[in-house]
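Biologist: Could you take one part of this model and walk me through it slowly, explaining each term as it comes up?

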Amino acid sequence: MLTAENHPRPPYKTYHEWYAAQDTAHLIRKTQDAENIFRRTGITFAVYGHADSAEKLIPFDIIPRIISAREWRKLAQGIEQRVLALNAFLDDIYHKQEIIRAGRIPRELIERNIAFLPEMIGFKPPGGVYTHIVGTDIVRTGEDQFYVLEDNARTPSGVSYMLENRETMMQMFPELFTLNKVQRVEDYPRLLRQSLACVAPPGCKGRPRVAVLTPGIYNSAYYEHSFLADQMGVELVEGSDLRVIDGRVKMRTTGGYEAIDVLYRRVDDDFLDPLTFRPESALGIPGIMDVYRAGNITIANAPGTGIADDKAIYSYMPEIVEFYTGRKALLENVPTWRCSEPASLKYVLEHIEELVIKEVHGSGGYGMLVGPTATKKECEDFALKLAARPHNYIAQPTLALSTVPIFVNKGVAPRHVDLRPYVLVSDKVKIIPGGLTRVALKQGSLVVNSSQGGGTKDTWVLED
Amino acid sequence: MLGRTANGLYWMFRYIERAENIARLVDAGLRVALTRAGSSDEDWHGVLESAGVREEYGQVHADMTAANAVDYLLRDTANPSSVMSCIEYGRNNARMVRTALTRETWEATNEAWIDLKARLSRPLRAADLPDLIDVIKRRCGLIRGAFHGSMLRNEIYNFSRIGTFIERADNTSRILDVKYYVLLPSISQVGSALDNFQWESILRSVSAHRSYGWVYDTEYQAANIADFLILKVQMPRSLAYCYEKIVSNLGYLEADYGERHKAHETAAAIKATLKRGSITDIMDQGLHEFLQDFISRNNQLSADISDGYRFYQ
């Protein structure tokens, strides 16, 4: 919020004045109010493996993160470029594979990757869109300086928090929204529905029937699935509600079976179709891949998109962006060592205390090592795992992440954050101004995942 | 709408209704214990029976005490019909059909669950019971109010309402059936002091001890009580009222779907029985037999609705 000279940074100027006039005890009460709102609304998530905490709240911080219109424009251009490149990349590797033939990416990295689905080879999804919804994880290291941490191209979650955080802030501090001109995020569900309807199969007549596929009420993100279905005004379905009949995917309704045109699935590829993928999956719909390949349903995001957000592929993103857009990537990649390469592995093992080491296929902040905050013992143990299966890991330097203020009982304190803006792709690319800001609540920590004790805050993009 | 969603709505509202009715039963039981000289813990047998859990109670508790009975009815999760279990199932169903509910209805349900879970998680003290029962009724009332004030009048509304009234009809008929013998015509026609207590307790368990006086003489009479709870359409917990509502909600569904099912016939037939009947005829034919028959036809209707509208879990 403040510059080195202790002045508020320009986008925070109005907020800072307002904050200075507030009474701390009042803000402590507001923090409690926010928690009550979240609990009442049932905005919860589940942490797997914690029997006693079936439904948990994600801590919410009442100080918004504020981004200027100028900074946002720059960021949005970079994101759009990257998302278009991701779609072009997916189209290429499932068709002509020019990027491999051009020698820019090793063939085995694609074809031996578990996220690569041979079933998708030669198939063009409706509208040519692979990643209908993308959540790009970004960190800021300084003025106008952003790095992309991850391109979540499978089923990015968290957008319900972006919306509920805003809703909560408007309910608690309405006056802040008259003092500041904040760009709207509330249109997201409407835009999502439009975007999904826009890529309905070509044979679909009339208004496309859209549904959200959830693994069920015990899934950690169930709240979000029901929230999105509700806000879009579409059915929320589970695998057991659906059946393939006469070449269509149909749901069991009170009036009989009815066909679905677009399925926004929040179930992983592996579980989507037991006839094609994991035979034991009870979450999927037997035969849906045949319907898909026959062009009678749109699946969003398309199966096989996981190859694009694989952490090993990530290190090639600068090449990928340049290859498909013909321009240098506007957003920087974090330098990444691929441990599968002997020279990189050697470097990583020698510098383990300075690096963040992640599993190639991992997510949710599990199975990673943050060298600078790990104990000597943890580093040694991790080095053994790393040496045993080097191809399973990548390593990155810890960035000098910028911090934002959070509210603590004594006032404000700095914490590290990241940002996940949400991008919708149909015949055009739409980026919602803002996104989900995740906060590492522990002082000095760099891990923002909610499963690891991270929190969230509202994210404002100001109007000019 | 998914058959699973319709089923979820139907059961959500059955459970919420049951939670409230169990609270009323306990309230009536406590009242008897307070006001009647010579009342004993044995009186709780009848309450447990009205709640349909007398046998199950015996499997958990060896002896009958007021404290155990109240605990079993309000907070024991081993009892599938305890208030805590009902609220838990009701809320789980609500969570499953979250997209079919308005935010107000969902929040009222979720808050009821949060509040009652906290209150019912610790052993109950006798002194807290009146307040607790009040809170349960109020919470259920808030869910109902949010539902009425905010839901679209469409199939979602109709399935929810049908669940409410099938459950309510079942509860009222069971309350009557457990005490049917105290309503049988006695020689004197004027109740003894004991009868008066029993009768008031019946009325109290359907929150009708005041409204009775508006419709009939203030003097309790067995036939009038039976009439009030079975045939009086103005009485919102009577069987006749429940069937007015069920038939009209099924009628909306019929218009919506352009389709008539066996359930429509079953409901119409039950309604006709209630409309034609006079309380004298019912008493003459046998109140107990009448109620047993009603309970089984009410269950049949539930099954017919489930078939006709393709419910599944």
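Modeller: The part I have chosen is an open sheet in chain A, in which 4 strands follow the order β12-β15-β13-β14 with antiparallel pairing; strands here are DSSP runs of E with at least two residues, helices are runs of H or I with at least four, and both are numbered from the N terminus, while two strands pair if DSSP finds at least two bridges between them. At the edges lie β12 (337-338) and β14 (369-370) of chain A, each of which pairs on one side only. Strand β13 (residues 355-359) of chain A runs antiparallel to strand β15 (residues 393-397) of chain A, and 5 bridges join them; within β15(A), A:A395 is the residue that stands opposite A:I357.

This is a predicted model, in which local features need pLDDT of at least 70 and side-chain atom pairs count only at pLDDT 80 or more, whereas totals for chains, interfaces and linings use all residues. Residues are numbered from 1 along each chain as its sequence is written, and chains are lettered from A and ligands numbered from 1 in the order in which they are written.

As for the chain that holds this sheet, chain A has 15 helices and 21 strands, and its C-alpha trace spans about 65 × 60 × 45 Å along its principal axes. Buried residues, meaning those with 20 or more other C-beta atoms (placed from the backbone) within 10 Å of their own, make up 42% of the 464 residues in chain A. Among contacts in chain A between residues at least 6 apart in sequence, 68% join residues at least 24 apart, where a contact requires C-beta atoms, placed from the backbone, to lie within 7 Å.

Key. A residue is buried if 20 or more other C-beta atoms lie within 10 Å of its own, exposed if 12 or fewer, and partly exposed in between; C-beta atoms are placed from the backbone. Two residues are in contact if their C-beta atoms, placed from the backbone, lie within 7 Å.
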